[in-house]
Structures are given as C-alpha cells and as structure tokens.
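Got the structure open in your viewer? Grab your selection tool and follow along, one stop at a time.

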Amino acid sequence: MRWMIYGSTGYTGQLVIEEAIKRGHRPIIAGRNPDKLDVLAEKYDLDYVAFHLDDATTVAEAIADVEIVYHAAGPFIHTSDPMIRACLATNTHYLDITGEINVFENTFSYDDAARKVGIALISGAGFDVVPSDCMSAYVAAKVPGATHLETGIFGFAGASAGTTKSFLEMAPKNWWSRRDGELINGDFGAENITLTLPNGKERFAMSAPWGDLSVAYRTTRIPNITSYLEMKPTLATLGRIGYPIGKLLLKIAPVREFAKSMADRFMNGPSEEARLTKQTYIFARATNPSGQQAAAWLTTLEPYQYTAKIGVLAVEALAQRQPIGALTPAQAFGADFTLQVEQTTRQDV
C-alpha cells in the first residue's frame, strides 16, 4: 500500500510518521516546505514530495500514484477542499484530522461524488472526532428513538500551533449548536455541566462547537446535540464576557494573521511526558422522549498521542475494508473502532 501524509512537518504529522514506522509502514511524506521535508526524509529514510494546494493539476499529479492521503495540514477550512477535489479526480481515499464543523459539512457534501468514483472521504480521523463519534454511536444504539445526545471531552494537556490556528479560523464564525436537526448559531458557553470522571474527580464543562454537532448527527441522526468541553468555571465566565469582542477582532484579517503567527511561535503542543502520561475522558449520553437513556465513559490516551495511533489504524482499516462515500469514522469503521487504541477502555454508567 502506498499512502501519503500531507502536513508531515507539523506537530501532529511527525507523531503520525513515528507511529506509522512503528507499525511497519513507509508512507510518503509531503507538505509545502521542501527544506523541512528534506530534513524529515533523511531522519526517517522516507521519500517525500513538496507541493502547494493552490493548483489542482499539481495536487492531482502529486497524489496520482497513492491509494490513501492522510491530510494533517490545517487550517482545514483552507486546505481540505483542494485535497478532496484532487482525491476525487485520482480515485484516492481521503482522511483528515479536522475538527472544524464547516469542513465536516463540506466533506459530507461530496458523498455522491465519492460513491460515483468508489472512494472514501473521512474527515475527523483523529481525536477530533473518532472517540466521541464512536461513543455517540455506542449509546445511541442502546436508546430507541433517541432525540437528545450529549458528549463531553475532558483532560486536554495543551494545544499545538496547528490546532490553535484552526481555532482562530473558527472563532470569528458561529458558535454552533444543533437543535431539531439544524445547525444554529448559539451563545458562547450557553449550557454547562458538571460530571464525575472515571477517576473520581468532578469537572466542569461548557457547551462548545465540537465536531460532534456535525459528525454525530450524521452517525446517529439524533436531532438535538450538545457537546461540552472541560473548562474552569472562571475561564468560562471570562470567555462569555470576552468572546463577543474577540470574535469581532478576529474577523479582521491582519489581527487574525498576527494571532496565528503568535501561535506558530508559542504553541508547541504538549510535552512528550504529557503525551505519554496524561489520560483523556469522553462522555456520551443519549436520551429519548420517554426518559430512557444510556450513558458511557471512554478513558483513553492524551489527544495528540491518540490521534497518531488512531490515524494509522484508520489508514489500515480503510485499506482493508474499502468503505465508499463521505463517511463519519463510526460509519466507516464501527462504534468499537476507538477501542483498538491501546490503554482505551469503555464503561457504561
């Protein structure tokens, strides 16, 4: 199997390279900067190709002889669509690690085109959003006629520059929620929840536009979805005050570009120690109108560590199963797919 990691020089891309090599793969590494790629290619003894995404012909030529593209170069609001179009033109399977709702919606819009040429387009094949999507599918299957779904993410250890820049691109846009099957613009942190984690600690979380609002809806068709992210109550309060101002400022392109340059300088991602020692907890609960509900917790690795491992597993599963269409991770690989990651356990509440 020939497959490519585009965005190889980024924080997550390099983790995926290392995990791929551990599992016996020799992916082609790719990205926009030939100098950085040359260093990585020598370090890992891999082939590389450098290309930008602004010319469709160039992209198609670069990926024409690979079976799968693993796309790790964000912000995906700018980079995903050109790569998807090239994959459709060359009959190449596509995976990415976006968490951006607009990107998920765009990927799903290519479902007919993907089925026509016999490829899979799967956005969110990392911590965004494999574990929460699989958990959503798991609890939804236990509750006939579920109308409400809640997901919660707890235990972040830090963010990389790429993750931060993607957030800066999303922040000026809507603070989404899903109600009655529709994505609607909600208020910053309008809902909150306090839960006891599997480790016995209580944690506060506020509603946020996690990718589940798009992906879990596609997986489960539950019309009302609220996703929560862990946050200290004081920061949530400050966020509700400051977000309207920040949103306006980030709509100004020079301000947004300056913030992204600061992310490149200062957002280095979690340390190796944090990646190897931290745990993350994912909560999911489905409820139907009669009050029947099912809830469960997933305990797993630190998010970037998880992303590297599940990403390579997704490449392997895609090559083996050959699903077709614009799919969610749970649709492509099943609700138990997340359990293939080491040190991952699921428990019903």
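What follows is a short walk through some helices, the nonpolar cores and a few single residues. Keep in mind as you go that this is a predicted model.

**Stop 1: helices H3 and H4**

Start by selecting residues 56-63, which form helix H3. Then add residues 76-90, helix H4. How do H3 and H4 cross? Their axes come within 9 Å and cross at roughly 60°, which makes H3 oblique to H4. The crossing of these two helices is right-handed.

Now show the side chains. On the H3 side, pick Val 59, Ala 60 and Ile 63; they meet Pro 82, Met 83, Ala 86, Cys 87 and Thr 90 of H4. Colour this contact of H3 with H4 by class and you get 7 nonpolar residues, 1 polar and no charged ones.

**Stop 2: on to H5**

Keep H4 selected and add helix H5, residues 101-108. At what angle do H4 and H5 pack? The angle is about 15°, with the axes 9 Å apart. Angles under 35 degrees count as roughly parallel, so H4 and H5 are roughly parallel to each other. H4 passes H5 in a right-handed crossing.

To see who does the touching, select Phe 76, Ile 77, Ser 80, Asp 81 and Ile 84 in H4, then Asn 102, Val 103, Asn 106 and Thr 107 in H5. By class, this contact of H4 with H5 has 4 nonpolar, 4 polar and 1 charged residues.

**Stop 3: the cores**

Time to look inside. In soluble globular proteins, nonpolar side chains tend to be buried together. Here the largest nonpolar core has 90 residues. Which residues have the most contacts inside this core? Select Phe 51, Ile 63, Tyr 70, Met 83, Leu 95, Leu 121 and Phe 337. Helix H13, residues 303-321, supplies the largest share of the core, with 10 residues. Another core, of 10 residues, lies apart from it; try Ile 193, Leu 195, Ala 205 and Phe 283, which are among its members.

Zoom back to Met 83, which you met where H3 and H4 touch. Leaving aside neighbours within four places in sequence, Met 83 is in contact with Tyr 6, Phe 51, Leu 53, Val 59, Ile 63, Val 69, His 71 and Tyr 94.

**Stop 4: Ile 122**

Next, click on Ile 122 in strand E6, residues 120-122. Is Ile 122 buried or exposed? With a relative accessibility of 0%, Ile 122 counts as buried. Skip residues up to four places away in sequence, and Ile 122 touches Tyr 94, Leu 95, Asp 96, Leu 318, Leu 327, Thr 328, Pro 329, Ala 332 and Phe 333. For a distance check, pick the C-alpha atoms of Ile 122 and Ile 28: 94 residues apart along the chain, they are separated by 19 Å.

**Stop 5: two threonines**

Go back to H13 and find Thr 307 there. Its relative accessibility is 6%, under the 20% cut-off, so Thr 307 counts as buried. Its contacts, leaving aside neighbours within four places in sequence, are Thr 12, Tyr 70, Ile 97, Gly 126 and Phe 127.

Finally, select Thr 277 in helix H12, residues 272-277. Is Thr 277 buried or exposed? Thr 277 is exposed, with a relative accessible area of 53%. Add Glu 302 to the selection: Thr 277 and Glu 302 are 25 residues apart in sequence, and 7.5 Å apart in space from C-alpha to C-alpha.

Conventions:
Residues are numbered from 1 along each chain as its sequence is written. This is a predicted model: local features need pLDDT of at least 70, side-chain atom pairs count only at pLDDT 80 or more; totals for chains, interfaces and linings use all residues. Side-chain values use heavy atoms; hydrogens and water are left out. Axes are lines fitted to C-alpha atoms, for helices over the stretch in contact, and angles run from 0 to 180 degrees between N-to-C directions. Helices (H or I, at least four residues) and strands (E, at least two) are DSSP runs, numbered from the N terminus. Angles under 35 degrees count as roughly parallel, over 145 as roughly antiparallel, 65 to 115 as roughly perpendicular and the rest as oblique. A crossing is left-handed if the near helix is turned anticlockwise from the far one by less than a right angle, and right-handed if clockwise. Contact means heavy atoms within 4.5 Å. Ala, Val, Leu, Ile, Met, Phe, Trp, Tyr, Cys and Pro count as nonpolar, Asp, Glu, Lys and Arg as charged, and the others, Gly among them, as polar. A nonpolar core is a set of buried Ala, Val, Leu, Ile, Met, Phe, Trp, Tyr and Cys residues joined through side-chain atoms within 4.5 Å. Buried means under 20% relative accessible area, exposed over 50%, partly exposed in between (1.4 Å probe, protein chains only).
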